[in-house]
Amino acid sequence: MKAAVFLERDGVLNQVRVAGRNQVAPMCLEEFRIREDVRESLEHLKAAGYLILVTTNQPNVARGLLPRRELDRMHDMLRRALPVDDILLCAHEESDRCNCRKPSAGLFTEAAFRWHLDMERSFVISDKWQDSSAAFVAGCNSVLMKSPWNGSGHHDFLVNGFGEACQKVLQFNHPVHHVRVPLPQLALA
Ligand SMILES: [Zn+2]
């Protein structure tokens with residue numbers, strides 16, 4: 001079984017505007033600015049055998065403010081710019097009560113099924129509590145980058161930035177499943 005590193009999109013892989021206490025996700029391709037400084041760390045994760053899976057809540061799709069075609073163009077750009085294996089999307093808003101909008105774990109459990117992931121060896125990297133919370137429910141490890149959106153819920157590791165987050169993952173670097181050594185058989189009396 002493979003392991004994955006799940007990455008929050010907004011604020012981690014692309015820049016966001018901050019308005020008041022909130023991050024504002026880009027609304028069109030021209031506003032979509034990919035953080036080029038994450039590429040090298042991502043390539044280290046890929047080289048170590050991890051799948052790179054992006055997760056993102058985009059409620060503006062459900063609200064009719066963000067055309068799906070525009071979002072697809074952003075994600076095409078993201079796939080070209082960074083070594084990303086898949087992008088998992090919740091396009092609902094909170095009132096839709098779906099099971100994929102983070103902090104619900106639906107995107108993660110769906111990925112676990114589709115990619116046959118070993119969640120115990122998988123990680124979530126984000127700057128937001130919603131991802132750490134979903135990671136906990138989905139049974140994978142969470143690395144939270146310090147930000148105003150950390151909340152006070154469960155997380156496994158707290159780090160200063162993206163490079164440090166990836167180093168934390170690589171410290172646990174066993175992304176390819178090895179056959180477990182069987183326990184010695186109990187001697188039959
Ligand atoms: Zn959803």
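On helix 3, Arg69 and Arg80 are exposed, and they sit on the face turned away from the helix's buried side. This is a predicted model, and helix 3 is a good place to enter it.

What lies on the buried side of helix 3? Glu70, Leu71, Met74, His75, Leu78 and Ala81 are buried there. Viewed down the helix axis, the buried residues fall within an arc of 135°, so they line one face. Their packing partners are helix 1 (39–47), strand 4 (51–57), helix 2 (59–62) and strand 5 (86–90). The length of helix 3 can be checked too. Helix 3 runs over residues 68–81, which is 14 residues. At 1.5 Å a residue the expected span is 20 Å, and the end C-alpha atoms are 20 Å apart, so the two agree.

Next, the nonpolar interior. The largest nonpolar core has 34 residues. Leu13, Leu42, Leu82, Ile125 and Phe162 have the most contacts inside this core. Several elements each supply at least two of its residues: strand 1 (4–8), helix 1, strand 4, helix 3, strand 6 (123–126), strand 7 (141–145) and helix 6 (162–171). Another core, of 19 residues, lies apart from the largest one. Leu51, Leu88, Ala134 and Ala135 are among its members.

Take Ile125 as a close-up. Residues up to four places away in sequence are not counted here. Ile125 then touches Val5, Phe6, Leu7 and Glu8. Its other contacts are Val143, Met145, Phe162, Ala165, Cys166 and Val169.

Lys128 belongs to the loop between strand 6 and helix 5 (129–138). Is this lysine buried or exposed? Lys128 has 12% relative accessibility, and buried means under 20%, so Lys128 counts as buried. Which residues is Lys128 in contact with, leaving aside neighbours within four places in sequence? They are Glu8, Asp10, Gln23, Leu144 and Trp149. Glu8 is also touched by Ile125.

Finally, the metal. The zinc ion is coordinated by Cys90, Cys98 and Cys100 through SG, and by His92 through ND1. The distances are 2.0 to 2.3 Å. Along the chain, these donors follow the spacing C-x1-H-x5-C-x1-C. Why is the arrangement tetrahedral? The 4 donor atoms subtend angles of 100 to 117° around the zinc ion, which makes it so. One of the ligands, Cys100, has 11% relative accessibility and therefore counts as buried.

Note on methods:
Residues numbered from 1 in each chain as written. Predicted model: local features only at pLDDT ≥ 70, side-chain atom pairs only at ≥ 80, totals over all residues. Heavy atoms only, no water. Donors = N, O, S within 2.8 Å, 3.2 Å for Na, K, Ca; no water. Tetrahedral: all angles 85-135°; square planar, octahedral: opposite > 155°, others 65-115°. Buried < 20%, exposed > 50% of the residue type's maximum accessible area, 1.4 Å probe, protein only. Helix = DSSP H or I, 4+ residues; strand = E, 2+ residues; numbered from the N terminus. Expected span 1.5 Å × (residues − 1). Arc of directions from axis to C-beta. Contact = heavy atoms within 4.5 Å. Core = buried A, V, L, I, M, F, W, Y, C linked by side-chain atoms within 4.5 Å.
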